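Subject: Structure handover

Hello,

Please find the structure below, with notes on what turned up in it. Have a look at it before reading on.

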Amino acid sequence: MPLTRLFTPHVDCGDNVILINADKVVFTGKKETDKVYTRYTGYPGGQRFNTPAELRKKNGGVDKMLRHAVKGMLPKGPLGRSLLNNLFIYEGTEHPHAAQQPKTIDINQYK
């Protein structure tokens, strides 16, 4: 079967990504203090700003940073929003997905 039939860009094929050791992610340069994440609470004057250094201190802050980065790489629209649900981020090495027998991918071999 040709590889072109296995990939359909308009369908969520159900592949999941499990990211472990997320707490070891580093930014290059001065992005840790100069980069700014903006969110809006929904109330007048409710615009809030955070740097990655501030988010690391909060519970689930590393998860929010990585989801923001991955969301920017996905297609915009309903498919991209549903694909983001296939991303699982854990700050340590332990995760509850061992029963699904995940395959390890070493990203260092692609450098």
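**The loop before β4**

Asn85 is exposed, with a relative accessible area of 58%. This is a predicted model, and the notes should be read with that in mind. Asn85 belongs to the loop that joins α5 to β4. From its C-alpha to that of Pro96, 11 residues apart along the chain, the separation is 16 Å.

**Helix α4**

Helix α4 runs over residues 61–73 and has 13 residues. Between its first C-alpha and its last it reaches 19 Å, close to the 18 Å expected at 1.5 Å a residue. The buried residues in α4 are Gly61, Val62, Met65 and Leu66. They lie on the same side of the helix, because the arc they cover around the axis is only 135°. Lys64 and Lys71, on the other side of α4, are exposed.

What do the buried residues of α4 pack against? Their partners are two elements earlier in the chain that are strands, β1 (17–19) and β2 (37–40), together with α3 (52–57) and β4 (87–89).

**Thr51**

Thr51 is located in the loop between β3 (47–50) and α3. Its relative accessibility is 15%, so Thr51 counts as buried, the cut-off being under 20%. Apart from neighbours within four places in sequence, Thr51 is in contact with Glu32, Thr33 and Lys35.

**Pockets**

The largest pocket has a volume of about 1600 Å³. It is lined by 38 residues, and those closest to its centre are Asn16, Val17, Ile18, Leu19 and Ile105. At least two lining residues come from each of β1, α4, α5 (78–83) and β4. By type, the lining of the largest pocket consists of 22 nonpolar, 11 polar and five charged residues.

For the second largest pocket the volume is about 220 Å³. Its lining is made up of Tyr37, Thr38, Arg39, Asn50, Leu55, Lys58, Lys64 and His68. β2 and α4 each contribute at least two of these residues, and the largest share, three residues, is from β2. Here the division is two nonpolar, three polar and three charged. Lys64, one of the lining residues of this pocket, is also one of the exposed residues of α4.

**Backbone angles**

Most residues other than glycine have a negative phi. Which way does the phi of Asn21 go, positive or negative? Asn21 is not a glycine, yet its phi is positive, at about 55°. Asn21 sits in the loop between β1 and α2 (31–34). With a relative accessible area of 25%, Asn21 is partly exposed.

Gln101 is not a glycine either, and has a positive phi of about 50°. Its place is in the segment after β4. Gln101 is exposed, at a relative accessible area of 66%.

**To look at in the viewer**

- α4, with Gly61, Val62, Met65 and Leu66 buried and Lys64 and Lys71 exposed on the other side.
- The largest pocket, starting from Asn16, Val17, Ile18, Leu19 and Ile105, the lining residues closest to its centre.
- The loop between β3 and α3, where Thr51 is found, and the contacts of Thr51 with Glu32, Thr33 and Lys35.
- The positive phi angles of Asn21 and Gln101.

Regards

Notes:
Residues are numbered from 1 along each chain as its sequence is written. This is a predicted model: local features need pLDDT of at least 70, side-chain atom pairs count only at pLDDT 80 or more; totals for chains, interfaces and linings use all residues. Side-chain values use heavy atoms; hydrogens and water are left out. Helices (H or I, at least four residues) and strands (E, at least two) are DSSP runs, numbered from the N terminus. The expected span of a helix is 1.5 Å times one less than its number of residues. Buried means under 20% relative accessible area, exposed over 50%, partly exposed in between (1.4 Å probe, protein chains only). The arc is that of the directions from the helix axis to the C-beta atoms. Contact means heavy atoms within 4.5 Å. On a 1 Å grid over the protein atoms alone, a cavity is a set of points where a 1.4 Å probe fits but cannot get out, and a pocket is an open set with protein on both sides within 12 Å along at least five of seven lines; lining residues have an atom within 4 Å of a point. Grid points are joined across faces, edges and corners, and a volume is the space filled by probe spheres set on the points. Ala, Val, Leu, Ile, Met, Phe, Trp, Tyr, Cys and Pro count as nonpolar, Asp, Glu, Lys and Arg as charged, and the others, Gly among them, as polar.
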